[in-house]
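Thanks for sharing this one. Here are a few friendly notes to read with the structure open beside you.

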Amino acid sequence: MATNNDTISFEGLEQVSSKRKEWVDLSLEARLQILQELKERLEQHVGYQTLYEQVGKLGCNMMGVPLDTDEGEMEAQGLCLFVLSMYRTCLLGWHEIYEKRLNGTLPDPKSYPVRTAINGQVCVQTFPTLNVSKSGFVSSCKGEVWLDPKVVPSEQDFKPYQYADSEGMAKESGLMVVLGAGNQGGLVLCDTLYGLFTRNCVVYLKLHALRNYMEPLIRSLLEPLIRRGFVGVEPHTTNERAAALVHHPLVTAVHLTGGKETHDGIVWGFDPKEQERNKRNNTPLLMAEMTSELGAVSPWIVVPANYTKAELMSQAGMVAAVIHNNASCNCNAPKVIVLSDSWEQKNEFLEIVEKTLADNILPIPYYPGCAQRWQKFRDQYNRSWSSGRFPGICLS
């Protein structure tokens with residue numbers, strides 16, 4: 001997308017960029033103090049009621065959900081609690097790890113289980129490790145980091161806590177532009193913290209058009225960072241403005257939560273012929289490093305077994321709930337369910353999924369292009385592949 005940078009102001013972006021060296025030189029004590037202030041902002045200054053008003057109610061209004069119903073009230077509370085739990089968990093996690101680094105009490109490297117995957121890649125179990133991850137609704141889950149075989153070719157080469165200097169911070173910083181998510185408002189807060197406290201970048205946050213209503217809340221929650229100049233925030237105005245931001249020469253990193261078409265347009269160009277040519281010649285338009293969380297046709301695999309009725313209800317109900325959540329506008333929403341054709345309980349499983357979805361109120365397809373993409377899918381796959389009910393269920 002062509003932009004005329006001469007007519008667009010970059011004052012806010014430039015002010016944040018000017019703080020790069022100051023952020024890099026900030027001590028662990030100073031960073032921990034900022035994290036403490038962020039915690040206090042959330043717990044004392046903002047609080048649940050503000051989150052309910054500025055995330056729950058306004059989010060429902062944006063999504064077209066009526067608040068004068070029990071379902072609308074539940075949706076508003078759900079939106080509020082989701083943002084609260086997501087942001088609070090991330091914030092407490094960074095606070096805990098920085099505190100441990102400062103006090104020299106990081107977990108023993110031997111406490112990280114290491115294994116080699118079937119493809120020879122070294123995998124390290126890193127979740128749950130912190131106290132904040134050992135409680136809550138995902139505490140029983142396990143998470144792994146699969147390491148780059150060029151850097152860590154064998155288990156013996158795994159060495160945690162290798163930092164560039166004694167305080168554990170790299171001495172090179174950058175300016176990251178975060179292109180905020182349109183599907184989940186709380187992601188922008190976590191992405192901003194990630195850019196600062198993991199990537200060591202100052203952050204300029206550009207909100208998604210659907211989530212402009214969150215600007216006052218974000219400014220309030222991130223006030224300690226904004227006041228110091230390490231974070232800048234602006235609402236979405238035009239695509240031209242967004243393109244000018246990501247292609248600004250001061251920007252060293254861009255993080256996007258969105259679609260593949262947006263990603264490819266930013267990196268390779270929005271004109272189809274230009275994009276094809278640039279991909280073929282490996283000549284990206286974007287000079288900054290690009291990271292993305294993209295929408296996906298996520299396959300969920302159901303492992304065949306002899307499940308009890310309660311187990312079957314629980315698992316099928318969970319699949320249906322994740323399909324239904326947020327009008328299915330989540331990157332991990334089940335878009336393909338993979339079942340064994342020889343599994344005796346497959347029909348019962350599908351019946352539970354179908355009934356659970358039918359018993360829930362049809363969600364409003366608020367996300368841009370939802371209805372069109374769904375219709376395109378229906379037109380392309382106008383027959384069921386399995387039980388006569390669901391297009392998108394694969395039997396193997």
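**Notes on the sheet and its helices**

1. A good place to begin is a single pair: Val178 has His255 of β7 as its bridge partner. That pair belongs to the parallel pairing of β4 with β7 (residues 253–258), which runs over 4 bridges. Please keep in mind that this is a predicted model.

2. Helix α9 (residues 260–268) packs on the sheet and touches β4, β7 and β8. The direction of α9 makes about 170° with that of β8.

3. Now for the whole sheet. Its 5 strands follow the order β6-β5-β4-β7-β8, the sheet is open, and the pairing is parallel. β6 and β8 (289–294) are the edge strands, each pairing on one side only. On average, neighbouring strands are turned by 15° against each other, direction ignored.

4. β4 (residues 174–179) also pairs with β5, in the parallel sense and over 6 bridges. Here Met176 finds its bridge partner in Val203 of β5. Together with helix α5 (residues 187–197), β4 and β5 make a right-handed β-α-β unit.

5. Val203 has a further bridge partner to look at, Val231 in β6. β5 and β6 (residues 231–234) pair in the parallel sense over 4 bridges.

6. Is β5 buried or exposed? In β5 (residues 201–206), 6 of the 6 residues are buried, so the strand is largely enclosed by the rest of the structure. Helix α8 (residues 239–246) lies across β4, β5, β6 and β7, and runs at about 170° to β5.

Notes. Residues numbered from 1 in each chain as written. Predicted model: local features only at pLDDT ≥ 70, side-chain atom pairs only at ≥ 80, totals over all residues. Heavy atoms only, no water. Buried < 20%, exposed > 50% of the residue type's maximum accessible area, 1.4 Å probe, protein only. Helix = DSSP H or I, 4+ residues; strand = E, 2+ residues; numbered from the N terminus. Pairing = 2+ DSSP bridges. Right-handed = clockwise from strand over helix to strand, strands pointing away. Axes fitted to C-alpha atoms, helices over the stretch in contact; angles between N-to-C directions. Contact = heavy atoms within 4.5 Å.
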